[in-house]
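Thanks for coming, everyone. Let me put the structure up, and then we walk through it piece by piece.

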Amino acid sequence: MIMKVVVAGLMLLASADPGGGGGGVEVRTSQGKNYRAVELKNSRIVLSGNGRGGKSDGYRLKRPCWYEPAQNAEEMMDFQRWVTRVDRYEPKTRSETLKKFQEKLGEKGRWWTIAHDSSDPNGLSCQLAMDSYVFVPPNTTPPGGITLQELVDIARAALTVPEPKIKLSPDARSYVNLPTWVWLDGAGETTRSVTATLPGVMSATVTAVLKNIKIDSGTDKDRAEVKEECGPTGRPYAKGGEFTCGVTYLRASADQPRDVYTLTVTSVWEVGVQADVVPFAYDPIQVGATRDVEVGEVQSTVRKGTP
């Protein structure tokens, strides 16, 4: 009998425009690398939850291939007979292929089959270095067999978050010493999770909660002052409100490449998981996007009064 272990996700809880708006400057680039989330191949593991289909931070499994429990001896024999049916295999080849499965008929236990992460460059080569099938006695995990820790890791590798959509005020252009407010546009759900389930065996849920955003002005401290009391999604501009999240540029951007500063906003998602067997800990997921910010300088003219 295979013990069922369930791992529950731990949730780590969590207008006017002075610049006149217009369309503004769109997001120019996102985080530097185009990461792919985990992609299971030849696996019975089912991935579910609202934490899929977003931006991966490139988390990789510690081992990109593993064994999973499959059919018992009789079920596997029936399956292999179908796979090696006469119209596909020569009789001698079919007989040799079926031999190792026939030898296990009547024995208690289960065949384990190999699976891998096809998004990992080493996933396929890892699988090819292992036997395709191993027969395992009851209540036993073979060398290379999937563990609870690895199932949690698979859920973590599948976990993605939305790419930040940066909103600024003023939007199209800012000015020296004028606070530029920063927030995320349409942040959506601030809690995301993925559950990895090996049916009838075990299940693991990993949860990410948006905790805060980080701001990089794109220049040195003597040219910009950054405030990062932002909360999970930043502070939208509010007339008369306290400015706690954004950038005040102290010098114009005319001497910068392309005459703009490159502002980077990174969303920080805390990741948590709770298990009955052993605790797990992961670094936060961080995903960033950039905006071009043109900063001008208001010119003033002083006229001498007339008598």
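Start at Cys230, which is buried because its relative accessibility is 2%. Buried here means under 20% relative accessible area, exposed means over 50%, and partly exposed is in between, with a 1.4 Å probe and protein chains only.

Before going on, some ground rules. This is a predicted model, where local features need pLDDT of at least 70, side-chain atom pairs count only at pLDDT 80 or more, and totals for chains, interfaces and linings use all residues. Residues are numbered from 1 along each chain as its sequence is written, and side-chain values use heavy atoms, with hydrogens and water left out.

Back to the cysteine. What is Cys230 joined to by a disulfide? To Cys245, with an S to S distance of 2.1 Å. A disulfide, for our purposes, is a pair of cysteine sulfur atoms within 2.5 Å. This pair links distant parts of the chain, 15 residues apart. Cys230 sits in the loop between strand S12 (224–228) and strand S13 (245–249), while Cys245 is in S13 itself. Strands and helices are DSSP runs, numbered from the N terminus: helices are H or I with at least four residues, strands are E with at least two. The torsion about the S-S bond is about 95 degrees, so this disulfide is right-handed. Cys245 is buried too, because its relative accessible area is 0%.

How many disulfides does the structure hold? Two. Cys65 and Cys126 form a disulfide with sulfur atoms 1.8 Å apart. Again, distant parts of the chain are linked: Cys65 lies in strand S4 (residues 65–69), Cys126 in helix H3 (residues 123–128), and they are 61 residues apart. The link of Cys65 and Cys126 has -60 degrees about the S-S bond and is left-handed. Cys65 has a relative accessible area of 0%, so it is buried. Count the bonded cysteines along the chain and the pattern reads 1-2, 3-4.

S13 brings us to a sheet. Four strands form an open sheet in the order S7-S9-S13-S12, with antiparallel pairing. Which strands stand at the edges? S7 and S12: each has a single partner strand, so one side of each is left without a neighbour in the sheet. On average, neighbouring strands here are turned by 20 degrees against each other, direction ignored. Axes are lines fitted to C-alpha atoms, for helices over the stretch in contact, and angles run from 0 to 180 degrees between N-to-C directions. Look at one pair: S7 and S9 are antiparallel, over four bridges. Two strands pair if DSSP finds at least two bridges between them. One residue match to find on screen: Lys167 has Trp183 in S9 as its bridge partner.

Now some backbone details. The peptide bond from Ser169 to Pro170 is cis, with omega near 0 degrees. Pro170 is in the loop between strand S7 (166–169) and strand S8 (174–175). Asn177 is in the loop between S8 and strand S9 (179–184). Its phi is near 70 degrees, positive in a residue other than glycine. Is Asn177 buried or exposed? Exposed, because its relative accessibility is 53%. Asn139 is not a glycine, yet has a positive phi of about 55 degrees. Look for Asn139 in the loop between strand S6 (133–136) and H4. Asn139 is exposed, with a relative accessible area of 65%.

On to H4, residues 148–158. Ten of its eleven residues are buried, so this helix is largely enclosed by the rest of the structure. Charged names are on the buried list, including Glu150, Asp153 and Arg156.

Last, a helix pair. The axes of H1 and helix H2 (residues 91–102) come within 10 Å and cross at roughly 170 degrees. That makes H1 roughly antiparallel to H2. Angles under 35 degrees count as roughly parallel, over 145 as roughly antiparallel, 65 to 115 as roughly perpendicular, and the rest as oblique.

One residue to finish on: Gln80, in helix H1 (residues 73–83). Gln80 is buried, because its relative accessibility is 4%. A polar contact of 3.1 Å joins the side chains of Gln80 and Tyr133. That term means a pair of N or O atoms within 3.5 Å; within protein, one must be able to donate a hydrogen and the other to accept it, and residues adjacent in sequence count only if both atoms are side-chain atoms.
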